[in-house]
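Thanks for making time this morning. I would like to walk you through one buried spot and then step outward from there, so please keep the picture in view as I talk.

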Amino acid sequence: HGQAHGRAEAVIDAYDAPVDQNDRLERRAGASARAEDDGEDSSIHTENSKQSALGHGEEEEEMDEEELTADEADEPQLPNEAAFEAAAQARNAIQVCTVSRNPRQGSIFRTNLLAELGSGKYSYSIRKQHGSCPWKAPRVRLIPYVKCCTQLAEVNRLVAASQAQYDVIVITGDEFCAVKSSGIFHYRQYHGSDVIGTGGVSRLEGRRLPVFFPLGPRAEFERVNQATEVVLAVDRRFLLNFVGSPTSIPRRQLRTYFASPQWTQGPLAPRSFVHVTDGWTQQVDTSKGYITPDKYRKVLLESQFTLCPIGHNPEAYRIYEACEAGSIPVLTLKEPTYLEHKCKDAYKPFLDARAPFVFLDSWGDLEEFMLMAASNATWVAERQVRVTEWYARYMSQVAEEFERFLEFRFEQRMSRRVPKPARINGTPAARTLGKRTGGPAARAGQYANRGGRAGWR
């Protein structure tokens with residue numbers, strides 16, 4: 001048992017080497033048209049590319065879009081949505097216009113968790129329609145890639161079309177790291193050594209783009225009050241929990257193990273909560289074996305450990321939900337499903353940030369480790385404190401770094417372009433005036449006076 005403890009500690013220390021970022025992917029043809037956007041190498045800036053970004057950026061705001069996304073009726077039920085809005089109004093927060101047409105993604109924005117974890121200056125307002133953001137509002141665009149129903153060419157088109165209109169572009173939902181940095185976007189969910197930090201260099205702090213952006217808890221998971229709801233590990237009902245569906249080899253292996261006599265007749269089963277459904281559905285459907293989000297949340301709050309086997313991607317909402325609930329996440333690092341996943345080194349952000357999770361070699365080590373933990377309450381209590389403290393610190397850092405980048409990009413947009421012209425008889429004034437007064441030269445003149453840096457309010 002002591003060896004299992006030592007092995008878990010050693011694994012945390014063994015994976016601190018930085019990811020090799022020398023593998024920069026070739027940008028697709030036509031990248032110069034987006035060269036003024038932050039992150040593009042200054043050596044490819046051209047006058048033509050600047051005129052394209054400035055002279056035609058406003059017209060792109062008017063285009064119609066057809067995004068291949070999940071069913072828009074599939075809206076997650078947000079807990080305390082009214083409370084989020086009231087809190088934002090009470091602190092007079094700046095509204096960040098966040099465009100997302102896929103209701104299942106971007107939960108960290110949708111629930112305003114990012115605002116709560118940050119400086120408190122901002123609140124993220126979700127809108128479905130491109131072109132609906134006020135000109136002087138900070139703007140974020142969430143562009144989804146869903147393997148089942150999104151074309152990569154469509155994602156690249158949306159990234160290119162969003163350059164002049166949005167301050168920050170985030171790729172969401174790409175669980176298999178298919179979207180490369182062929183176009184310049186700033187953040188992406190799901191870490192992969194060949195998709196993170198492989199694009200341009202930001203002028204803010206010199207960071208390579210795109211930057212990893214954590215999932216956070218899912219939208220339906222109600223935020224945990226750390227002061228009143230998180231109880232000590234020793235006072236929790238369950239030693240461990242696993243709630244999930246058999247969407248991967250490790251999850252199916254765990255389902256088989258938990259149904260075996262080795263588990264059911266062993267000493268750990270009475271102290272554990274295991275609930276595995278027969279299949280996966282996008283919506284929480286209790287008729288198909290799912291437990292409600294409220295019950296799931298209570299299980300995490302009553303568990304010392306939460307098992308986090310790989311699903312479609314190694315990173316999962318349950319990792320963050322466990323941290324929220326003060327339950328210690330248990331992950332594996334050396335199983336083929338992790339090592340061979342298309343998102344290479346998916347746990348590197350956690351390892352680099354010294355996350356005090358339990359990292360086993362494989363799920364075959366689970367029983368040995370849990371027997372050790374069951375007999376070492378002091379170690380478990382200390383690890384629980386480390387997890388909750390680390391999570392608060394890590395997520396706050398993510399939120400504050402995102403705010404700094406958003407501010408930087410917003411000020412760039414305000415300083416280089418005048419506000420969107422008014423309409424004349426339903427037609428944007430820029431187009432009307434351009435046609436009447438000599439075309440391109442007149443249009444270029446509209447943008448000659450770029451103005452100073454605008455304030456945030």
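The side chain of Gln384 reaches the backbone oxygen of Gly326 at 3.1 Å, and a polar atom of that side chain also lies 3.0 Å from the backbone nitrogen of Ala233. This is a predicted model, in which local features need pLDDT of at least 70 and side-chain atom pairs count only at pLDDT 80 or more, while totals for chains, interfaces and linings use all residues. Residues are numbered from 1 along each chain as its sequence is written, and side-chain values use heavy atoms, with hydrogens and water left out.

Gln384 is found in helix H15, helices here being DSSP runs of H or I with at least four residues, numbered from the N terminus. Gln384 has a relative accessible area of 4%, so it counts as buried, which means under 20% with a 1.4 Å probe and protein chains only. Setting aside residues up to four places away in sequence, Gln384 touches Val230, Val231, Leu232, Ala233, Arg236, Gly326 and Ile328, where contact means heavy atoms within 4.5 Å.

Gly326 itself comes just after helix H11 and takes a positive phi of about 70°. Helix H11, residues 317–324, is mostly covered, with eight of its eight residues buried, and among them are Arg318, Glu321 and Glu324.

Let me return to H15. This helix, residues 377–416, gives 12 residues to the largest nonpolar core, the most of any contributor; such a core is a set of buried Ala, Val, Leu, Ile, Met, Phe, Trp, Tyr and Cys residues joined through side-chain atoms within 4.5 Å.

Notes
Helix = DSSP H or I, 4+ residues; strand = E, 2+ residues; numbered from the N terminus. Buried < 20%, exposed > 50% of the residue type's maximum accessible area, 1.4 Å probe, protein only. Polar contact = N/O pair within 3.5 Å; in protein donor to acceptor, adjacent residues only side chain to side chain.
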